[in-house]
Amino acid sequence: MVTYNKHEVREKLTINDIYELLTEWGGEPEWTSFGILSTTICHNMPGQGSRKLYYYNNTDLFQCYTGCGYFDVFDLLVKVARIQWQKEYDLNDAVRYIAIKFGLAGYAELGDQDSLIDWKTFDAYDRIGGLEIKDYHVELKEYDMNILKNLNYKVRIKPWLDEDISQEVLEHAVIGYFPPTGQITIPHFDPNNRFVGLRGRTLVKEEAERFGKYRPLIVGWRQYNHPLGMNLYNLNNSKDNIKQFGMAICFEAEKSCLKYQSYFGIDNDISVACCGSNISAYQIQQLLDYDCKEIVIAFDRQWQEKNDDEYKHWIKNLEKLNDRYKNDINVSIIYDRNMLTGYKDSPIDCSKEIFLQLFKERVRL
Ligand SMILES: [Zn+2]
């Protein structure tokens, strides 16, 4: 059996990979200034722990503040396997699992019979995982809609209006403003119009660079967050059209949906936002619930030129999504090969015409 080098694998893992694992294991992660905050899936079942499991980006280590102490991602997997899957993993199993999951192991290393069996086991796990996700529904915690009344809707959201987002669309999406933190407020609803989360988008540049543009909003010391991978933003508005057209356009961020509605009309909306650069199996299932046949992935152009490191990472991420979901749904990708949009732009950021052109030229992997 092949043994992977633990340090090598850990080094290659990105913080996005860690975030993805935490999402998959039900930790409901969220980004923070130091790294990631998650529920204590180290000693609890998903949904039962408190938010006291910290991942520090500078040390690559987790710390559980209710008693498990310090450990790395492989130790966490051993715990998760025991608690959630009733499986006893040793360190080698854990390293192998993660190396294979993220394609961090060379295929050549997997030549012998034993490791082929490993691959099969892993494949089966993935397939079972894929099947189990069907008809698996999670009802997110519903927040009190009254909180939205405390926000300011009188302020003109000038930066967004300047970007061609219409006032009608802003009102329809209940976009507000929270003066204490200078954030635009964006309520999230589940497909049944239940209010499940409130995110803030900062307009302060330095803050955006430090903490990311989007964050859950804290009002009166309460944080109105939700597991982002368990809901598609705007599906409550676009579900009927998605069902009718058999197609959904999946952006990274909420703002792109608002732009889509402004350009094409709220009545013609087929957009959703996955709120990140990952699409979870659960989000795919939500689309399948509305008979969606094709998902058009419309992610930001997170690369400066073809074949730079960011480009390779960008492509790899999309290939991974395609491989994961192509058996369930047609996957097509908006790819700005002629660089009509700017660095880090969403495909819909520049103009309606450019978006339509990119949409027509979308590719299948
Ligand atoms: Zn713990």
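Start by selecting Ala-248, Cys-250 and Ile-297, which, among the 43 residues of the largest nonpolar core, touch the most other members. This core takes at least three residues from domain 2 (145-226) and at least three from domain 3 (235-360). In soluble globular proteins, nonpolar side chains tend to be buried together. Bear in mind throughout the tour that the model is predicted.

Keep Ile-297 selected and add the residues that it touches, leaving aside those up to four places away in sequence: Cys-250, Leu-318, Leu-321, Val-331, Ile-333 and Ile-334. For a contrast in location, select Val-9, Ile-18, Leu-53 and Ile-98 next, which are included in a second, separate core of 23 residues.

Return now to the strands around residue 297, and colour strand S14 (residues 294-298) together with strand S15 (residues 330-333), which pair in the parallel sense over 4 bridges. Within this pair, Val-296 of the one strand is found opposite Ser-332 in S15. If you then add helix H12 (residues 309-325), you have the whole of a β-α-β unit, made by S14, H12 and S15, and its hand is right-handed.

The next stop is an open sheet of 5 strands, whose order is S1-S2-S3-S4-S5 and whose pairing is antiparallel. Its edges are strand S1 (30-31) and strand S5 (69-71), each of which pairs on one side only. To look at one of these edges in detail, select strand S4 (residues 61-64) along with S5, for the two run antiparallel and are joined by 3 bridges. Phe-62 has Phe-71 in S5 as its bridge partner.

From there, go to Thr-14, which lies in the loop between helix H1 (6-12) and helix H2 (15-24). Is Thr-14 buried or exposed? Thr-14 counts as exposed because it has 10 C-beta neighbours inside 10 Å, and the cut-off for that class is 12 or fewer. Select Asn-57 as well, and draw a line between the two C-alpha atoms: Thr-14 and Asn-57 are 9.5 Å apart in space, although 43 residues separate them in sequence.

Finally, colour the protein chain by pLDDT, which averages 84, with 84% of the residues scoring at least 70. Residues 106-135 have a pLDDT below 50, and this stretch has 16 contacts in the model beyond near neighbours in sequence.

Notes: Residues numbered from 1 in each chain as written. Predicted model: local features only at pLDDT ≥ 70, side-chain atom pairs only at ≥ 80, totals over all residues. Pairing = 2+ DSSP bridges. Right-handed = clockwise from strand over helix to strand, strands pointing away. Buried ≥ 20, exposed ≤ 12 C-beta atoms within 10 Å, placed from the backbone. pLDDT = per-residue confidence, 0-100. Contact = placed C-beta atoms within 7 Å. Core = buried A, V, L, I, M, F, W, Y, C linked by C-beta atoms within 7 Å. Domains from an automatic or database assignment.
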